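Visitor: I would like to go through this model with you, question by question, before I plan my reading of it.

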Amino acid sequence: MKRILVVEDEDSIRDFVVINLRRTGYDVTDVASGEEAVSEYGKQGGNFDIALLDIMMPGMDGFSLCRWIREQSSEIGIIMLSAKSQEMDKVNCLMIGADDYVTKPFSPSELVARVDAIYRRVSINRSHREEPKAITSGPFTLDYQSRMIYNRGKPIDLTQIEYHILEFLMKNRNTPVDRQTLLKHIWGDSYVGEDKVIDVNIRRLRMKIEEDPSTPKYIQTVWGFGYKWNG
């Protein structure tokens, strides 16, 4: 679920924003002040993708709130809302950690487009951060960047099909994977060939990575089902 915190002290504007964001699939938490925003952020463990902040609010204004939220998280997307359109205000927003700036009045389409753009950026950044750079199992290291597998630091020459099979098995280590799942993962749902192609590639892989291919230690057969990576 796409989660957004909306902070706006004017009820009519806040309702307008909330309605349009919910219509487009956002899970919205809305509050009327910076102080309420800090409290809500804490209660929900900072579990927001985006914060939409009005600048001109009594008490804790949007600038102060933006600084506070950015101190809590470098990943959350922050968009500022203000009736001011001076260039310096926009620059100030960006300098204190905001990702974008929307000037009132704005149309629903403009608001949603800006929010969607920031959400996409946040999602991409998180996926890159969460994605491991390599898988290590026993003496083997599978490197995503080079698309190579190494045995005690020495590269093993694999075909692209062999690499994809090994990657999928290592990602699902100790979990049996059936041949049809491997076929769909590598060749797609439209593939109509026989699943023996998996067996052939597994034999080749064993020749390349196993000390004794006839008694495999890592790529094990699950009889009547498929294969698993023992790691």
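Guide: Before the helices are discussed, a contact is to be understood as heavy atoms within 4.5 Å. Helices (H or I, at least four residues) and strands (E, at least two) are DSSP runs, numbered from the N terminus. This is a predicted model, in which local features need pLDDT of at least 70, side-chain atom pairs count only at pLDDT 80 or more, and totals for chains, interfaces and linings use all residues. Residues are numbered from 1 along each chain as its sequence is written, and side-chain values use heavy atoms, with hydrogens and water left out.

Visitor: Which residues of α8 meet α6, and at roughly what angle do the axes of α6 and α8 cross?

Guide: From α6, the residues I161, E162, I165, L166 and L169 meet I198, N201, I202, R204, L205, K208 and I209 in α8. Axes are lines fitted to C-alpha atoms, for helices over the stretch in contact, and angles run from 0 to 180 degrees between N-to-C directions. The axes of α6 and α8 come within 10 Å, and they cross at roughly 85°.

Visitor: Which element gives the most residues to the largest nonpolar core?

Guide: A nonpolar core is a set of buried Ala, Val, Leu, Ile, Met, Phe, Trp, Tyr and Cys residues joined through side-chain atoms within 4.5 Å, where buried means under 20% relative accessible area, exposed over 50% and partly exposed in between (1.4 Å probe, protein chains only). The largest such core has 25 residues, and F140, L166, L169, M170, I219 and W229 have the most contacts inside it. Two or more residues each come from β7 (140-143), α6 (160-171), α7 (179-187), α8 (196-209) and β12 (226-229). The element that gives the most to this core, with six residues, is α6.

Visitor: Why do the buried residues of α7 line one face of the helix?

Guide: The buried residues of α7 are R179, L182, L183 and I186. Judged by the directions from the helix axis to the C-beta atoms, they line one face of the helix because, seen down the axis of α7, they fall within an arc of 100°.

Visitor: Which residue caps the N-terminal end of α7?

Guide: At that end of α7, a side-chain oxygen lies 3.1 Å from the backbone nitrogen of Q180. Just after α7, by contrast, G188 takes a positive phi of about 90°. The residue that caps the N-terminal end is D178.

Visitor: Is E167 buried or exposed?

Guide: E167 is found in helix α6, where it touches L142 and Y144, not counting residues up to four places away in sequence. Its relative accessibility is 9%, and E167 therefore counts as buried.

Visitor: What is the approximate phi of N174?

Guide: N174 lies in the loop between α6 and β10, and at 39% relative accessibility it counts as partly exposed. N174 is also among the residues that W229 touches, not counting residues up to four places away in sequence. Its phi is positive, in a residue other than glycine, and is near 65°.

Visitor: Which residues are joined by a cis peptide bond?

Guide: P105 lies in the loop between β5 (100-103) and α5 (108-130). The cis peptide bond, with omega about -5°, joins K104 and P105.

Key: A polar contact is a pair of N or O atoms within 3.5 Å; within protein, one must be able to donate a hydrogen and the other to accept it, and residues adjacent in sequence count only if both atoms are side-chain atoms.
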